[in-house]
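Good morning, everyone, and thank you for making room for this short talk. Please keep the sequence and the structure open as I speak, and look for each part when I name it.

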Amino acid sequence: MVKLIRLKGQAKSGSTGVEINNNFSSSIFVQPKSRLALRSVQVELEKARGFAVPVNTIYRYRINGGLNDDLTTVAVPAVSDQGSLNPILTEMQIAANSTAPVVSAASKYSGSLHIYDMNAEKARLRSYQADPKNAGYDNWLVDSGSFTTLTADALTSDGSQEVETYLTEVVPLVNNTVNFTYAVTGDITWAHVEYDAPSQKIYGVQIDSTLTPVSLIANNSIAATSPYAITAGDVVQMTKSGRTITLTVTDNLGSLQVSLTAELNDTYVRPQALYNLISIPQGQTTGITSGGNALQALDIDPTDPASDGRAHSFRVNFPNLNGTNVQTLARTLGFDSATNYDNTGAPATIEAPRVSTGTELNGVLVAIDGLDLDTYVGATNGIQNDVNILDVLQLPSNSADQSIDYQSNFPVPLDLKNDREQIIRNLRLRFLDNDLNVLAYKGEPIVVLELYGPDETT
């Protein structure tokens, strides 16, 4: 006689469940060579599935063409979230803005900025770029103090009070260079600060004759110092390449006198909108000139369509390497591995071809534990753990709430791998996506199974 087995799940109020785990008050005897079939399923799945990316998953990008050797490799840290892709996109964005480009293509990446987000439930990777420009000190905003000289190429404090002047433009987080000539000796600080917290100095240079003559600022503190006594005519340069900040001082004879480096931590890589701050203490008549080489902030404001930088080319690649990490990232985002994605624009925008949240376009695998089915799951790399697949269901194309109401008039029984009688008191059932990730459910799903003896048919 065919046995009907009814399984019921129960998600906690206001939450979701990840498995149906039922115990039975009496034993179920399973004869040798029995078969199991799925009769019906009623379940409402969570709108978005759980997302996870393994540690050191990588992707590659390049800007403004070039050879494949110019592709910059970005390693994404392990990240997971139940129900949203945004944390993964955020970590990808931080990693991209923190990674120094390959040396042969560094100039192409100058002035670039990555902003990754979702657009209509598809992953969107945007690359901004603009041409560097002269600092133009006369265009800076003077917050306090006064100057004896204030032109596009020269700035000198009159010493009457503390001077603070700002350049309120976005500093790109991939590559950026600032240099100036120390024209009139005195104390000065030039730092990149957070737009909403100007006291937080991301990185910069501090020249202070009463302390250490030359200091590199990084992560809102002094990261490295040099005893070199800077003099008029010396050239100071700050370079940011990924996370690495380099400060150099070259004397008026062209000899390198100072070279300091530091790494920005996560806290100070995240900000995108930065001010440039020049501060000169009261009593100091410090003066600097650009010499025509003060490559400075780029006017890129992602919230302002009129300020989207210049048109440039952008390529993203998810290489199909050995192992599953790269493939996992591509699939999670809705891209294909070993495929180049290209766009040219301002900003250059690459959007995933497939919806990357929910299970709208995926089959839903019904997997059972407690009975060993004669089903198999293959893998292209490594060894795949076996999963007992009862059936593969498709969500309705118009299903806004991800509900499945499935009933089969002619269930297809699958063979069980039991050569001797088996007694079961517990069964566990899960819903999986095509990547074998567990799909969470809402409410109280109901699943009905049919258990056939060796001589019974549907």
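Let me begin with a term: rings of Phe, Tyr and Trp, the last taken by its six-membered ring, count as a pair if their centres lie within 6.5 Å. With that in mind, you can find one aromatic cluster formed by Tyr59, Phe318, Phe335 and Tyr341. I should say at once that what we are looking at is a predicted model, so please hear everything that follows as a description of that model.

Now for the overall picture. The protein has 458 residues, of which 49% count as buried, and its secondary structure comes to three helices and 32 strands. If we take the contacts between residues at least 6 apart in sequence, 70% of them join residues at least 24 apart.

Let us turn to the sheets. As a general reminder, the strands of a sheet pair through backbone hydrogen bonds, either parallel or antiparallel. One open sheet here has four strands in the order β6-β5-β24-β25, and the pairing is antiparallel. Its edge strands are β6, residues 72–76, and β25, residues 340–345, each of which pairs on one side only. From one strand to the next, the twist averages 25°. Within this sheet, β24, which covers residues 312–317, pairs with β25 in the antiparallel sense over six bridges, and Ser313 stands opposite Thr344 of β25. Helix α1, residues 86–98, packs on the sheet and touches β5 (57–63) and β6, with its direction at about 135° to that of β6.

Another open sheet of four strands, again with antiparallel pairing, has the order β2-β31-β27-β28. Here the edge strands, each pairing on one side only, are β2 (20–30) and β28 (389–394), and neighbouring strands are turned against each other by 25° on average, direction ignored. Strand β27, residues 363–369, and strand β31, residues 422–432, pair in the antiparallel sense over five bridges, and the bridge partner of Leu365 in β31 is Leu432.

Next, the interior. In soluble globular proteins, nonpolar side chains tend to be buried together. Which residues touch the most other members of the largest nonpolar core? They are Trp190, Ile278 and Ile288, in a core of 41 residues, and the strand that gives the most to this core is β16 (residues 201–207), with four residues. If you select Ile278, you will find among its contacts Tyr137, Trp140, Leu155, Val163, Trp190 and Ile288, leaving aside residues up to four places away in sequence.

Two of the residues I have just named also meet as aromatic rings. A search of the whole structure finds 10 aromatic pairs. In the pair of Tyr137 and Trp190, the ring centres are 6.4 Å apart and the planes stand at 70°, so this pair is edge-to-face. Because Tyr137 lies in the loop between β9 (122–129) and β10 (141–144), while Trp190 lies in strand β15 (residues 188–194), the pair ties together parts that are 53 residues apart in sequence. Tyr137 counts as buried, at 0% relative accessibility, and Trp190 is buried as well, with a relative accessible area of 0%.

Let me finish with three individual residues. Is Thr286, in the loop between β22 (274–280) and β23 (287–289), buried or exposed? Thr286 is buried, because its relative accessible area is 0%. A polar atom of its side chain lies 2.8 Å from the backbone oxygen of Asp187, and the residues that Thr286 touches include Leu155, Tyr182, Val184, Asp187 and Ile280.

Thr248, in strand β20 (residues 244–250), has a relative accessibility of 17%, and since the cut-off for buried is under 20%, Thr248 counts as buried. Among the residues it touches are Val235, Val236, Leu256 and Val258.

Gln161, by contrast, counts as partly exposed, at 40% relative accessibility, and its place is in the loop between β12 (154–157) and β13 (163–167). Leaving aside residues up to four places away in sequence, Gln161 touches Gly145, Ile280, Pro281 and Gln282. From C-alpha to C-alpha, Gln161 and Gln282 are 4.2 Å apart in space, although they are 121 residues apart in sequence.

Definitions and conventions: Residues numbered from 1 in each chain as written. Predicted model: local features only at pLDDT ≥ 70, side-chain atom pairs only at ≥ 80, totals over all residues. Heavy atoms only, no water. Buried < 20%, exposed > 50% of the residue type's maximum accessible area, 1.4 Å probe, protein only. Contact = heavy atoms within 4.5 Å. Pairing = 2+ DSSP bridges. Axes fitted to C-alpha atoms, helices over the stretch in contact; angles between N-to-C directions. Core = buried A, V, L, I, M, F, W, Y, C linked by side-chain atoms within 4.5 Å. Polar contact = N/O pair within 3.5 Å; in protein donor to acceptor, adjacent residues only side chain to side chain. Phe/Tyr/Trp six-rings, centres within 6.5 Å; stacked < 30°, edge-to-face > 60°.
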